[in-house]
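Subject: Structure handover

Hello,

Here is the structure I promised to pass on to you. Please open it alongside this email, and my notes follow below.

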Amino acid sequence: MRTDGHRRSDNFEDRGSGAGGAVGAGLGAGVLFAIIRRIGIRGTLIAIVALAGIYFFNPFGIRDAVFGALFGGVPGQTQTTSTGEGGTVCDSSPGATQACDFSRVVLASTEDVWGAQFQQGRLPNYGAQAGNYQAPTLVVYAGGVQTEGCGGASSEVGPFYCPGDRKLYIDPSFYQVMETRLQAAGDFAQAYVVAHEVGHHVQNLIGATQMQVRGESANETSVRVELQADCFAGVWGHTAQASLQIDEADLREALNAAHQIGDDTLTQGRADESQFTHGSSAQRMRWFRRGFDSGDARQCDTFNVPGNQL
Ligand SMILES: [Zn+2]
């Protein structure tokens, strides 16, 4: 894909926080592991669910971070970008600058794509009056961040979308985590992550986040939500194909990333399906592909598919 020379979105905030953010996040992680040691992983999970005022979406989720700790992931390996006193995240290193510019171009492209899709009404219908597309804001931060609608978060949780303030939060160092820890390299894999979070924003606008399938658990509903966000990311990829010169190799990068962050792959097969919150590798690849091949968000109606056919 090519992003040079393309419009960068101005719906963007750089939350360079100096050392405070990183220290805060490190503290947060330390506290989390202290709690896990004290009340066990199960108790911690229950506590997290009980504190479900925190309500945001991301490809990994808090629970995934905990699974990572439980199933031999690499906790504490989160890289933090030092921004220095009063510095910005994007100016902290050439890599960060590049990551910021790249993210802003992808975000701008999602604005064009979803602006048109909303105008044409090419969306699944969940009863909400979607109206015109209202673009979300992308916040970049380093280490830790205070959101306006979802409380505080550290980089450990990965990129996420907060419905309460309609913002996407990304620590650009996550792109390195993808490459090294998750073995999901490539610029289009990174674009997929941004587009997936934007997909959650689209869900927020069309009322998909209110959907509940009778008799299903919260985890099962979560899987439907996440697979739809993957499918929406695919719709964006399809529509942006010509302008960003997205090719076959790019598609392979996204599919590989979707595979690498499937619940079965992330937990190395040690979690059973009832614990899945984002879907298996096969499901995530399939739904991304469905959006990418069709370019039609109405094909992404994961709420009207029997659970065993997701
Ligand atoms: Zn998600």
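Below is what I found, starting with the whole chain and then going through the zinc site, one aspartate and a pair of helices.

First, some ground rules: this is a predicted model, in which local features need pLDDT of at least 70 and side-chain atom pairs count only at pLDDT 80 or more, while totals for chains, interfaces and linings use all residues. Residues are numbered from 1 along each chain as its sequence is written, and side-chain values use heavy atoms, with hydrogens and water left out.

**The chain**

The chain contains nine helices and six strands; these are DSSP runs numbered from the N terminus, with helices being H or I of at least four residues and strands E of at least two. Of its 310 residues, 52% are buried (under 20% relative accessible area, with a 1.4 Å probe and protein chains only). About 13400 Å² of the chain is exposed, and carbon and sulfur atoms supply 49% of that area (Shrake-Rupley method, 1.4 Å probe). If we take contacts (heavy atoms within 4.5 Å) between residues at least 6 apart in sequence, 77% of them join residues at least 24 apart.

**The zinc site**

Three protein residues act as donors to the zinc ion: H196 and H200 through NE2, and E226 through OE, at 1.9 to 2.1 Å. Donors here are N, O and S atoms within 2.8 Å of the metal (3.2 Å for Na, K and Ca), and sites may look incomplete because water is not among the atoms. The sequence spacing of these donor residues is H-x3-H-x25-E. Both histidines sit in helix 5 (residues 187-206), and because they are four residues apart, about one helical turn separates H196 from H200. H196 is buried at 1% relative accessibility, and H200 is buried too, at 0%.

**D296**

D296 lies in the segment after helix 9 (281-294) and is buried, with 12% relative accessibility. A polar atom of its side chain is 2.9 Å from the backbone nitrogen of R298. Beyond its neighbours within four places in sequence, D296 contacts R122, V235 and G291.

**Helices 7 and 9**

The axes of helix 7 (residues 248-260) and helix 9 come within 7 Å of each other and cross at roughly 145°. Those axes are lines fitted to C-alpha atoms over the stretch in contact, with angles running from 0 to 180 degrees between N-to-C directions. On the helix 7 side, the residues in contact include L251, A254 and L255; on the helix 9 side, they include M285, F288 and F292.

Happy browsing!

Methods:
Buried < 20%, exposed > 50% of the residue type's maximum accessible area, 1.4 Å probe, protein only. Polar contact = N/O pair within 3.5 Å; in protein donor to acceptor, adjacent residues only side chain to side chain.
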